[in-house]
Amino acid sequence: MKSVVVGASAGLGRALAEELAERGHALVLIASDQQDLDPLARDLALRFDVEVAPVAFDLLSVDPAAVRDAAVGALGTIDNLFLIAGLSTSEDAGPLPDALAGQLINLNFTAAVRVINAFLPDLENNPAGNIVGIGSVAAARGRRNNSVYASAKRGLEFYFETLRHHLARHSCRTQFYRMGYIDTGMTLGQALPFPAIPPQLAARKICNNLGRDQGMVYMPAWWFAIMTVLKFLPWVIFRKLNI
Amino acid sequence: MKTSYTSLDRFTSGEYEFDRPDRFRRLVETVQRDGIVARGAGVSYVAASFSPKAVSIETAAFDRILAFDPDRSWIEVEAGVSLGKLFEFLTPRGFHIPIQPGHPQVTIGGCVAANVHGKNQYSDGIFGSLVQELTLYHPDHGVVRASPTENAEIFDLTVGGYGLTGIILSVRIGIAKLAGAAVRQRNFRVDGLLAAFREVDRLKQDHDLIYCWNDLSRLGRNRGAGVVVTGSYVAGDSGGKAETNYKRLDPSAKKRLRPNVFTDKAMPWVNRIYAHQNRPASKPVDVPLFQFNFPAVGKEFFFDFFGDTGFVELQLLLPSDAVEAYVEDFLSLQESHGRPIALTTIKAVRGDQRLLHFNGNGFNFTIELRNSPQNIAFLNNLDDLNCRYGGITNIIKDSRLRPEIAERQYPEIDLFRQRLRTYDPRRRFSSALSERLLL
Ligand SMILES: Cc1cc2nc3c(=O)[nH]c(=O)nc-3n(C[C@H](O)[C@H](O)[C@H](O)COP(=O)(O)OP(=O)(O)OC[C@H]3O[C@@H](n4cnc5c(N)ncnc54)[C@H](O)[C@@H]3O)c2cc1C
Ligand SMILES: NC(=O)c1ccc[n+]([C@@H]2O[C@H](COP(=O)([O-])OP(=O)(O)OC[C@H]3O[C@@H](n4cnc5c(N)ncnc54)[C@H](OP(=O)(O)O)[C@@H]3O)[C@@H](O)[C@H]2O)c1
């Protein structure tokens, strides 16, 4: 198997890269800093004896065709594409500096859609193909916190719905996760109302689900209960919540 | 951001500033301030990687294996890598790190910074002897590559420099071929403390690994009787994945149940049980390498059983020629103290003492006691005795070591201080340990 992990240098992406390497996948690792990708690539290649190509791209200013060309150039046919990179900020609660709003939309939605689009011709007829996207529980119901981030993730979720429909006529599969808290740099130092799961656990579950034709699912599954309650909370109550 | 840390002996605990960078950029960003210190696994007995005046930079994300050269017997790793991860990588490939402290959670950064010893310092030396090259980040110097031949001054200060010269990023370590992943263990009974020193002395040349456990939990006859444990590498069961699992030590100060099991009354019984379990067998037994390397694995409860007040360890390097007279004085001081010593061990050592290195010729004599005012007073008295016999106390083990004692025991401590100030006039890196010893 040959897999591309977009957002591989830290957090969930790094855990996923490790899990895939352990399962014998050849890998293309993408993030913005070569200094992080190189040591990870060397570690995985040495420990699991797999081919690993570290390629630095800043997704905020990337030509998606270049990402696709670099990946195909390194490994040939690609089987799995993981869109893991994401960005959130505590400032995302009301008016935002324009540049930051642009980055949140770009990284969490536009760049992901464009990268998938660039890989789609390679992947859609691959019987072993998978395209995996990571959304967020924040996208379940609009709140004043994480507003641009959650909207972008909701957009990505919608795109995956369309992608799944498109791929229904092809052999490639999609899986999309409304992710709950993960214990990564993104949540470091935050007082979280619910427990965060280790990224290794999320990575293992994502890998176990490869090959499934799967619409949006919560990870961990218990977020479904929490978000269903939140979703159906009457507006008169919801508007008063400071969440 | 704050989190709770404790030294493993629970002598120093509280809420401390920390960061856990997971990308190189973030590491560099977060280190651009005064008052920082690198933190490896944080399982040092003393507060070496935190302080109320510093931000601890956790290095857990920087734990990757960078290169491995089996032909020239070296491995290059990031400093946050644990001995456990390296064991898993090296053992199936027929190699090992010949000098390793007793727990797999310990990181290579911690081994370099504390210049640690393993189970046969007499034949293998201390960790610094394995370090061929390292890279270090200091906000005023950037990334520096250092080895005994390149930036030798920085290398010399960093190996055994308790994290005070910067963040060690990567280390190239010499490794050794392994006969097999098992150790043929043979235990010998000794009937007293002096006999134990003599037996360790007699057996030190002939075994890959050797240490002695002694019972000083009771006064009276045969005080210090114990078991010398020897080991030699043999072909055997590869320390496969299942065997490398271990329960992590928790170096956080979080409140949890810590029953004070190791009371003065209970200690003699605990020692009796241990002695019985480790009594010499009729023939040598083959023990998996992982278990022999890391004897604390599976006994993590030991640290909790001292209760919330914890314990204190004094690890002394005692010159060979002082042993006979020292043992006599030591035993009479313990007699007048009249309280049990929870744990006692002896190892043989050989090397040159320099700067702050816990090294020299003689024996490593370690005692661990419950942290109580009486025991602290005993240890403070013992310090004087130790100084008189030319002993030196291990800085990374003893939370109560006072600067005036360190100054009497480490002749080059001032040289270390001066050289550190020349290298880093702002003294950006500090820990509770370095503040206590005025480094
Ligand atoms: C069960 C057990 C058994 C032990 N057995 C032995 C033994 O047999 N022999 C022995 O010598 N020691 C032994 N030790 C002590 C242990 O080896 C040292 O305390 C070691 O330094 C702990 O490493 P750590 O990764 O936990 O480092 P920490 O406790 O986090 O830090 C220790 C020091 O290393 C520095 N440091 C850590 N990482 C870096 C880095 N990347 N860059 C710069 N500085 C860094 C810190 O600043 C600090 O000064 C044992 C400890 C335990 C818990
Ligand atoms: N952590 C949580 O609690 C949580 C909860 C819900 C959903 N999620 C989602 O889960 C996914 C993974 O989150 P995480 O916590 O693992 O994030 P993370 O720790 O911040 O890691 C993000 C990864 O994306 C890369 N990346 C960021 N910006 C990039 C850019 N401009 N170009 C290229 N790569 C870039 C990062 O590397 P560089 O920065 O070096 O480029 C890093 O490898 C994200 O989509 C996130 O939104 C996370």
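Ligand 2 lies between chains A and B in this predicted model. Of the 30 residues around ligand 2, those that come nearest are Leu12(A), Ser32(A), Tyr149(A), Lys153(A) and Thr184(A). Ser32(A) also takes part in a polar contact, with an N or O atom of the Ser32(A) side chain 2.6 Å from an oxygen atom of the ligand. The backbone contributes as well: an N or O atom of the main chain of Ala10(A) lies 3.2 Å from an oxygen atom of ligand 2, and a backbone N or O atom of Ile84(A) lies 2.8 Å from an oxygen atom of ligand 2. Taken alone, ligand 2 exposes 870 Å², of which the protein buries 95%.

The secondary structure of chain A shows where parts of this shell originate. Helix H1 (11–22), strand E5 (130–136) and helix H5 (147–167) of chain A each supply at least two residues of the shell around ligand 2. Strand E5(A) provides the largest share, three residues. Sorted by class, the shell around ligand 2 comprises 16 nonpolar, 10 polar and four charged residues.

The second site concerns ligand 1. Here the shell holds 36 residues, and Ala38(B), Gly40(B), Ser44(B), Thr107(B) and Ile168(B) come nearest to the ligand. Two of these names return among the polar contacts. A polar side-chain atom of Ser44(B) is placed 2.6 Å from an oxygen atom of ligand 1, while Ile168(B) brings a backbone N or O atom to 2.8 Å from a nitrogen atom of ligand 1. A further backbone N or O atom, that of Gly110(B), lies 3.0 Å from an oxygen atom of ligand 1. How much of ligand 1 does the protein bury? Taken alone, ligand 1 exposes 960 Å², and the protein buries 97% of that area.

Several elements of chain B frame this ligand. Strand E3 (36–39), helix H3 (108–113) and strand E10 (167–174) of chain B each give at least two residues to the shell around ligand 1. The arrangement can also be described in terms of domains. Domain 1 (68–178) and domain 2 (182–233 + 258–404) of chain B both contribute residues to the shell around ligand 1, and the ligand therefore lies between them. By class, the shell around ligand 1 contains 20 nonpolar, 13 polar and three charged residues.

Taken together, the positions of the two ligands may be stated briefly: ligand 2 lies between chains A and B, whereas ligand 1 lies between domain 1 and domain 2 of chain B.

Terms used: Residues are numbered from 1 along each chain as its sequence is written. Chains are lettered from A and ligands numbered from 1 in the order in which they are written. This is a predicted model: local features need pLDDT of at least 70, side-chain atom pairs count only at pLDDT 80 or more; totals for chains, interfaces and linings use all residues. Side-chain values use heavy atoms; hydrogens and water are left out. A residue is near a molecule or strand if one of its heavy atoms lies within 4 Å of it. A polar contact is a pair of N or O atoms within 3.5 Å; within protein, one must be able to donate a hydrogen and the other to accept it, and residues adjacent in sequence count only if both atoms are side-chain atoms. Accessible areas come from the Shrake-Rupley method with a 1.4 Å probe; for residues, only the protein chains shown count as cover. Helices (H or I, at least four residues) and strands (E, at least two) are DSSP runs, numbered from the N terminus. Ala, Val, Leu, Ile, Met, Phe, Trp, Tyr, Cys and Pro count as nonpolar, Asp, Glu, Lys and Arg as charged, and the others, Gly among them, as polar. Domain bounds come from an automatic or database domain assignment.
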